[in-house]
Amino acid sequence: MTKTTSHLRAAMLFLFALFAGHSLAQQGSVITVPPPVEAEKSTPYDDRLARLSEIIGAVHYLRNLCTADGEPEWRQSLQSLLDAETKAEPTRRARLTAAYNRGYRSFASVYTSCTPAAVRAEQNYRNEGATLATEITARFGN
């Protein structure tokens, strides 16, 4: 970026900031410039968190398929994670929810009854999820 372009950009930002809080009159009507929308920030572990959400969805489906009483705590654990991680970030929350649903539906489309393959898949996914959760916590946790 050249020095002139940089100055032009700074001037445009200054003008936008100057007018952002004020109303402008145009042909007898008032137009209010809305405040800029604060963009959601992604985290360095968002991809891992999306994968964990997908795994939780898959495990939730498979555990409920193979357990007579069902296990609602898998979905509840993701709900708690979403509440803690994405309070005021609807786009991020939607991405993680979509990942959960993708994991759930991917196995719902294949397994309609509990089979040895479904049990193995659930164990593999649970192990991957535990590893991923440990990695995220160890690397990015407080």
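**Helix packing around H4 and H5**

Good morning. I begin with one residue, serine 53: apart from neighbours within four places in sequence, serine 53 is in contact with Leu78, Leu96, Ala99 and Tyr100. Please bear in mind throughout that this is a predicted model. Serine 53 belongs to helix H2. Is serine 53 buried or exposed? Serine 53 is buried, and its relative accessible area is 0%.

Let me place this residue in the chain as a whole. The chain contains five helices and two strands, and their order along the sequence is α-β-β-α-α-α-α. Of the 142 residues, 24% are buried. Among contacts with a separation of 6 or more, 68% join residues 24 or more positions apart.

I turn now to helix H4. Helix H4 covers residues 90-108, which is 19 residues. From first C-alpha to last, H4 reaches 26 Å, close to the 27 Å expected at 1.5 Å a residue. Which residues of H4 are buried? They are Arg92, Leu96, Ala99, Tyr100, Gly103 and Phe107. Viewed down the helix axis, these buried residues fall within an arc of 90°, so they line one face of H4. A general point about helices is useful here: an α-helix has 3.6 residues a turn, so residues three or four places apart point the same way. The face of H4 turned away from the buried side carries Pro90 and Arg105, which are exposed. As for what the buried residues of H4 pack against, the partners are helix H2 (46-66), helix H3 (73-85) and helix H5 (116-140).

The next topic is the pairing of H2 with H4. Two packed helices are described by the angle between their axes and the distance between the axes. For H2 and H4, the axes come within 7 Å and cross at roughly 40°, and the crossing is right-handed. On the H2 side, the residues making this contact include Leu49, Ser53, Ile56, Gly57 and Tyr61. On the H4 side, they include Arg92, Leu96, Ala99, Tyr100, Gly103 and Phe107. How do the residues of this contact divide by character? There are twelve nonpolar, four polar and five charged residues.

Helix H5 comes next. Helix H5 has 25 residues and reaches 36 Å from its first C-alpha to its last, close to the expected 36 Å at 1.5 Å a residue. Its buried residues are Ala118, Ala121, Glu122, Gly129, Leu132 and Ile136. The cover over these buried residues of H5 includes H2 and H4.

What of the geometry between H2 and H5? Their axes come within 9 Å and cross at roughly 150°, in a left-handed crossing. The residues of this contact comprise 15 nonpolar, one polar and eight charged.

I close with a residue of H5, glycine 129. Glycine 129 is buried, with a relative accessible area of 8%. Which residues does glycine 129 contact, once its neighbours within four places in sequence are left aside? They are Leu52 and Ile55. Glycine 129 and leucine 49 stand 80 residues apart in sequence, and their C-alpha atoms are 10.0 Å apart in space.

To summarise, H2 crosses H4 at roughly 40° and H5 at roughly 150°. Serine 53 of H2 is in contact with Leu96, Ala99 and Tyr100, among others, and these three are among the buried residues of H4. Thank you for your attention.

How values were computed: Residues numbered from 1 in each chain as written. Predicted model: local features only at pLDDT ≥ 70, side-chain atom pairs only at ≥ 80, totals over all residues. Heavy atoms only, no water. Helix = DSSP H or I, 4+ residues; strand = E, 2+ residues; numbered from the N terminus. Expected span 1.5 Å × (residues − 1). Buried < 20%, exposed > 50% of the residue type's maximum accessible area, 1.4 Å probe, protein only. Arc of directions from axis to C-beta. Contact = heavy atoms within 4.5 Å. Axes fitted to C-alpha atoms, helices over the stretch in contact; angles between N-to-C directions. Left-handed = near helix turned anticlockwise from the far one by under 90°. Nonpolar A, V, L, I, M, F, W, Y, C, P; charged D, E, K, R; others polar.
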